[in-house]
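Q: Please take me through one part of this molecule in detail, the end of the chain, and then show me how the rest is put together. I would like the reasoning as well as the numbers.

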Amino acid sequence: MELALLFILLPIAAASGWWLAKRNTVSSDASTHGGCEFSADYFKGLNLLLNEQPDKAIDVFVKMLQVDNDTVETHLALGNLFRSRGEGDRAIRIHQNLIARPTLSKEQRALALFELSQDYLRAGLLGRAEALFLELLKQGAYRAESLEKLLDIYQQEKAWEKAIDTARRYELLAGKRMNLEIAHFYCELGDGFFASGEHKSAVKMARRALNVDRRCVRATLLQASVEKANGDCKAAIKSLRQVEKQAPRFLPEIVAPLLSCYQSLGKTTEAEHYLEYLSAKYGGITPLLGLADLLRQRGNEQEASERIVKSLSKRPSVRGLDHLIELHLANSEGTARENLLILKGLTRRLLEEKLPYRCGHCGFKVKALQWRCPTCKDWASIQPVQGVVGE
Ligand SMILES: [Zn+2]
């Protein structure tokens with residue numbers, strides 16, 4: 001048996017024995033030890049504990065601890081302890097046992113209910129947890145905490161409409177702004193509509209998201225995707241260019257769709273101007289590489305190469321170097337080509353080994369942009385990595 005659990009249970013066991021002895025001072029199966037009386041159950045539990053049978057020991061001690069005002073806190077502490085140790089079944093058993101007692105005060109019952117709902121949540125029994133948190137809300141107990149937990153449940157279940165409703169209630173109650181989260185819930189709904197071809201509904205959701213949070217880049221990108229899918233490249237360009245005002249750190253995300261839209265409209269010169277402007281103002285490598293691609297397509301490889309070299313001299317970038325090597329590979333042969341291929345292999349490996357997106361909150365790195373960090377569950381915290389192997 002784990003030493004830690006032994007240390008935690010022994011005092012509880014001792015307390016149980018003392019408590020029982022105090023209440024049942026005259027008992028047919030009690031024995032006397034140092035002037036204090038202990039029940040036979042206490043020794044039975046202690047024996048089970050020492051014989052590494054914690055399950056049975058817990059049952060004995062919990063049975064010994066009759067629930068009344070003196071022992072409610074002990075039950076709660078024991079239940080919470082098991083939950084924090086990941087032993088959900090035991091925590092649930094203890095909290096259920098507590099709730100079943102008719103002697104609890106209204107406050108004690110609400111607290112036990114709140115703890116039990118957290119046990120269910122931790123055990124992944126989302127339906128049961130939801131029902132109890134809703135019951136607590138109805139009773140007017142632990143309202144802000146219950147709304148917070150319900151919000152967690154609805155996000156896990158991808159029940160976005162319920163999440164929006166709950167976030168709004170939480171805002172009112174806790175006085176905490178939830179704009180960013182609510183905007184993403186609308187975007188989740190919008191993405192779903194877009195995926196099933198319901199473009200009007202998708203745009204409606206993107207607009208709602210922007211009404212809630214005008215800086216929501218995700219909503220703007222969704223709107224642009226729908227516009228592009230509908231063949232309205234002009235509108236898509238207008239939307240994509242909004243990202244600069246919303247959050248320039250996400251500019252790398254607009255370069256590919258922007259180029260595609262400008263090319264569909266045959267307005268590559270306009271695209272060149274805009275990418276040049278972005279590159280000069282924000283200095284990221286993606287707009288510059290987009291510009292280099294346009295120049296190369298126009299047959300102006302020399303200028304493309306010069307632009308990249310100029311940028312590399314100011315700000316080293318593996319992606320820039322990789323692109324430059326590719327440009328030179330097209331016009332080289334013999335040993336020079338072989339050497340360039342070796343270099344290209346190196347830059348490719350460097351780029352493959354590095355993950356280009358990182359969560360600004362917990363540091364988690366990913367290969368592709370995600371709007372919610374899978375580790376810390378923050379929304380919009382994952383961003384393009386800056387630096388030599390990033391932007
Ligand atoms: Zn994170």
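**A close look at the end of the chain**

A: Let's start with L343, which counts as partly exposed because its relative accessibility is 43%, a value between the limits of 20% for buried and 50% for exposed. Please keep in mind that this is a predicted model. L343 sits in helix 20, which covers residues 334-353. Together with I342 and L346, L343 makes a nonpolar patch on the surface, and the three share about 300 Å² of accessible area. Charged residues have their own arrangement: D322, E326, K344 and R348 are joined into one network by salt bridges with shared partners.

Now for the metal. A zinc ion is held by the SG atoms of C359, C362, C373 and C376, at 2.3 Å. The angles among the 4 donor atoms run from 103 to 116 degrees, and the site is tetrahedral. For reference, the ideal angle for four tetrahedral donors is 109.5 degrees. Along the sequence, the donor residues follow the spacing C-x2-C-x10-C-x2-C. C359 belongs to strand 3 (residues 357-359), while C376 belongs to the loop between strand 4 and strand 5, so this pair ties together parts that are 17 residues apart in sequence. The two also differ in their cover: C359 is buried, because its relative accessible area is 0%, whereas C376 is partly exposed at 21%.

The loop that carries C376 deserves a second look. K377 is found in this loop, between strand 4 (365-366) and strand 5 (382-384), and A380 is there too. K377 has a phi near 65 degrees, a positive value in a residue other than glycine. A380 also has a positive phi, near 55 degrees, and is likewise not a glycine. K377 is partly exposed, because its relative accessibility is 45%. A380 is buried, because its relative accessible area is 16%, and the limit for buried is under 20%.

How does the rest of the chain look? There are 20 helices and 5 strands, and buried residues make up 45% of the 391 residues. Of the contacts between residues at least 6 apart in sequence, 48% join residues at least 24 apart.

One place to see such joining is helix 10 (residues 179-195), home of C187. C187 is buried, because its relative accessibility is 0%. Leaving aside residues up to four places away in sequence, C187 touches A209, C216, R218, A219 and L222. One of these, R218, also pairs through its side chain with E188 in a salt bridge (3.1 Å, N to O). That bridge links distant parts of the chain, with R218 in helix 12 (residues 217-229) and E188 in helix 10, 30 residues apart. R218 is buried at a relative accessible area of 5%, while E188 is partly exposed at 21%.

Other salt bridges stay within one helix. E303 pairs with R307, with the closest N and O atoms 3.1 Å apart; both residues lie in helix 18 (residues 301-314), 4 residues apart, about one turn of the helix. D293 and R296 also meet in a salt bridge, at 3.5 Å from N to O. These two are about one helical turn apart, because they are 3 residues apart in helix 17 (residues 285-297).

Definitions and conventions
Residues numbered from 1 in each chain as written. Predicted model: local features only at pLDDT ≥ 70, side-chain atom pairs only at ≥ 80, totals over all residues. Heavy atoms only, no water. Buried < 20%, exposed > 50% of the residue type's maximum accessible area, 1.4 Å probe, protein only. Contact = heavy atoms within 4.5 Å. Patch = residues over 30% accessible without salt bridge, like charges linked within 9 Å, V, L, I, M, F, W, Y side chains within 5 Å. Areas by Shrake-Rupley, 256 points an atom, 1.4 Å probe, with all protein chains shown as cover. Salt bridge = Lys/Arg side-chain N within 4 Å of Asp/Glu carboxyl O. Donors = N, O, S within 2.8 Å, 3.2 Å for Na, K, Ca; no water. Tetrahedral: all angles 85-135°; square planar, octahedral: opposite > 155°, others 65-115°.
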